[in-house]
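Please open the structure in your viewer and keep the selection tool at hand. The tour proceeds in short stops, each with something to select.

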Amino acid sequence: MSASEEDPDDKNAALREAGRLLFARPWVFRLGVVKLETLPPADRIEIAFAGRSNVGKSSLLNALTGQNGLARTSNTPGRTQEINVFECEHADLRLIDMPGYGYAAAPKGKVDAWTRLIKQYLRGRPNLRRVFLLIDSRHGIKAVDARIMDMLDVSAVSYQVVLTKIDKIGVGALEEVTAKVGAVLAKRPAAFPEIIATSSEKGTGIAELRAEIAGLLT
Ligand code: GDP
C-alpha cells in the first residue's frame, strides 16, 4: 500500500486509541447554566448530549469518562434544568449535558424555559460540532424526540443517535429498533446516518462512542 492510502482498519484502531486517551484524562464539572450568556466562551469544540429524562444520559456520561460521580444519575426525572458543562484541562473539547426533556409532569413554564434555552443554544453556538441524541433502545423515537430532531434540522446542527440500555433488549429487538430509527434518520437532513448502540451498564459501545468523538477533533 502506498503512503497516501490509508488502511481503514488502522484508522479505526487509531481513533479508538485517541478516544481511549481522551477519556482516560480527568474530566471535571465546570458549571451549570440557565442563561446562555453565562456559558464559557466558544473557544473550543463542543459536543452536546440530549435525550428524554431517564434515557440514561448521566450514566452514559459517567461511562464515557470512566468517572462514576461525574454526572448525577437519579431516578427523579425532570430534576436538572441546567445545561451542565464539563471540561478537561488537557483536551480542546467541552461536553455539554443538556437538561432531559419530555418529563410528563413538568410544568408548562419549565418546558417553555427549556425550549427557549435549547433553541438559543443550538442556533447560537458556532463551535457546537455534534449533538448526540440519546434514544432508549426499548422505546425508539417518541414524539418529543421528533420535536428535538425538528429543532436540530432547522438549526442545521449535525446530530447522531445513540441508543441506550441495549442490555435490556435482545438481539432481534436491537436489530428492529436500529432499522426503524435508521429509516427515520434517512429522512432527516441534519442527522448522521450511523447509530451507536450502547449499554452503560455493560460498557457496550462506549469505545465506539469515544472513537467517534475523537474523530470530531481531527
Ligand atoms: P438520565 O435521567 O437520562 O440522566 O438517566 P440516568 O443515567 O439517571 O438513568 C436512568 C435509569 O436508567 C437509572 O436507573 C439507571 O441506572 C438506568 N440505566 C442507565 N443506563 C443504563 C444501561 O445501560 N443499562 C441499564 N440496564 N440501565 C441503565
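Two strands are said to pair if DSSP finds at least two bridges between them. The model on display is a predicted one.

**First stop: strand S4 and its partners**

Select strand S4, residues 93–97. Then add strand S2, residues 45–51, which runs parallel to S4 and is joined to it by five bridges. Within this pair, phenylalanine 49 stands opposite aspartate 97 of S4.

Next, add strand S3, residues 83–87; S3 and S4 run antiparallel, with four bridges between them. Here glutamate 87 stands opposite arginine 94 of S4. Five residues separate S3 from S4, and the two strands form a hairpin.

**Second stop: the side chains of S4**

In a regular strand, side chains alternate between the two faces of the sheet. Show the side chains of S4: Leu93, Leu95 and Asp97 point one way, while Arg94 and Ile96 point the other way. Are these residues buried or exposed? All of them are buried. Because five of the five residues of S4 are buried, the strand is largely enclosed by the rest of the structure.

**Third stop: the ligand**

Now select the ligand and the 15 residues that surround it; the closest are Lys57, Ser58, Ser59, Asp167 and Ser200. This shell consists of one nonpolar, nine polar and five charged residues.

Inspect the oxygen atoms of the ligand. One is 2.6 Å from a side-chain N or O atom of serine 58. For serine 59, a side-chain N or O atom is likewise 2.6 Å from a ligand oxygen. At asparagine 54, a backbone N or O atom lies 2.9 Å from an oxygen atom of the ligand. Taken alone, the ligand exposes 580 Å², of which the protein buries 82%.

Methods: Residues are numbered from 1 along each chain as its sequence is written. This is a predicted model: local features need pLDDT of at least 70, side-chain atom pairs count only at pLDDT 80 or more; totals for chains, interfaces and linings use all residues. Side-chain values use heavy atoms; hydrogens and water are left out. A residue is near a molecule or strand if one of its heavy atoms lies within 4 Å of it. A polar contact is a pair of N or O atoms within 3.5 Å; within protein, one must be able to donate a hydrogen and the other to accept it, and residues adjacent in sequence count only if both atoms are side-chain atoms. Accessible areas come from the Shrake-Rupley method with a 1.4 Å probe; for residues, only the protein chains shown count as cover. Ala, Val, Leu, Ile, Met, Phe, Trp, Tyr, Cys and Pro count as nonpolar, Asp, Glu, Lys and Arg as charged, and the others, Gly among them, as polar. Buried means under 20% relative accessible area, exposed over 50%, partly exposed in between (1.4 Å probe, protein chains only).
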